[in-house]
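Reader: I'm new to this structure and would love a close look at one part of it. Could you take me through a single helix and then show me its surroundings?

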Amino acid sequence: MEVRYVPDHLVLSVVVGSRAYGLETEDSDVDRRGVFVAPTPLFWRLAKPPTHVEGPLPEQFSWEVERFCGLALEANPTVLECLWSPIVEQVTPAGEDLLAIRRAFLSGRAHRTFTGYADAQFRRLDPERPRWKQAMHMIRLLISGLHLARHGEPLVRMDDHRDRLLAVRRGEVSWAEVQRWRAELTAAFPDTSALPGEPDRRRVEDYLTTTRKAAL
């Protein structure tokens, strides 16, 4: 019998992307990200459960809980922002427990990953023919990372920056101004972060162990 990891074993499903950021337009998709818990006995087989599943809904992607936790501990910006999404569509007790420990995943390395991801996006942009949507998300990522470094959690909703960010997306802002905004945000990162030096791996492992036992 085929195992339907999603949706049958989904413990958390959130909306991410422009709709979560408050930057959606009429044409924006609904991007969903989730976490599923594979039944523990399946790990006793030679063929292990998948680390992620695409679908079944359009623009839906879900991680198996262990993979999700590993990425979150590495301060992956996309994964961390799932834990702070303001739009939670589905959550089980295991999902609620995951959200309850979301600060355990945070560490100073998030400063490097958020700025690093933004820099990588910036290097892929051609100043002569910018992809303005990508430029907007590069700036958005820096804003989120700066808030994380200052206040200890990422900023997902961009309400205070919405008009300016959407102007970038529409190509109404010059490339020089985008560069200045990027430089201002990068320079504003504090020398001393509000984040702990290391994530709370023990708390995460306790959660994972409890979740695996519950899925026996």
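Which helices and strands do the buried residues of H2 pack against?

Author: Happy to help! This is a predicted model, in which local features need pLDDT of at least 70 and side-chain atom pairs count only at pLDDT 80 or more, while totals for chains, interfaces and linings use all residues. Residues are numbered from 1 along each chain as its sequence is written, and side-chain values use heavy atoms, leaving out hydrogens and water.

Helices (H or I, at least four residues) and strands (E, at least two) are DSSP runs, numbered from the N terminus. Helix H2 covers residues 65–73, and its buried residues are Val65, Phe68, Cys69, Leu71, Ala72 and Leu73. Buried means under 20% relative accessible area, exposed over 50% and partly exposed in between, with a 1.4 Å probe and protein chains only. These buried residues of H2 pack against two strands, E2 (31–36) and E4 (60–64), and against the helices H3, H4 (93–100), H5 (109–123) and H9 (201–214). Contact here means heavy atoms within 4.5 Å.

Both ends of H2 are worth a look. At its start, a side-chain oxygen of Glu64 comes within 3.0 Å of the backbone nitrogen of Glu66. Just after H2, Ala75 has a positive phi of about 65°.

Now for the wider setting. The protein is split into domain 1 (10–106 + 199–215) and domain 2 (108–188), with bounds from an automatic or database domain assignment. Their C-alpha centres are 24 Å apart, and 21 residues from domain 1 meet 21 residues from domain 2. Together the two domains bury about 1,900 Å², 59% of it on carbon and sulfur atoms; buried area is the accessible area (1.4 Å probe) that two parts lose on being put together, summed over both. On the domain 1 side, Tyr21, Leu23 and Pro77 lose the most area to domain 2, together 33% of what that side buries.

The rule finds 2 salt bridges across this interface, each a side-chain nitrogen of Lys or Arg within 4 Å of a carboxyl oxygen of Asp or Glu. Helix H1 (18–21) and helix H3 (77–82) each supply at least two residues to the side of domain 1 that touches domain 2, and H1 gives the most, with 4 residues.

Within H1 you will find Ser18. Ser18 is buried, with a relative accessible area of 8%. Leaving aside residues up to four places away in sequence, Ser18 touches Leu23, Glu24, Ser28, His137 and Arg169.

Methods: A polar contact is a pair of N or O atoms within 3.5 Å; within protein, one must be able to donate a hydrogen and the other to accept it, and residues adjacent in sequence count only if both atoms are side-chain atoms.
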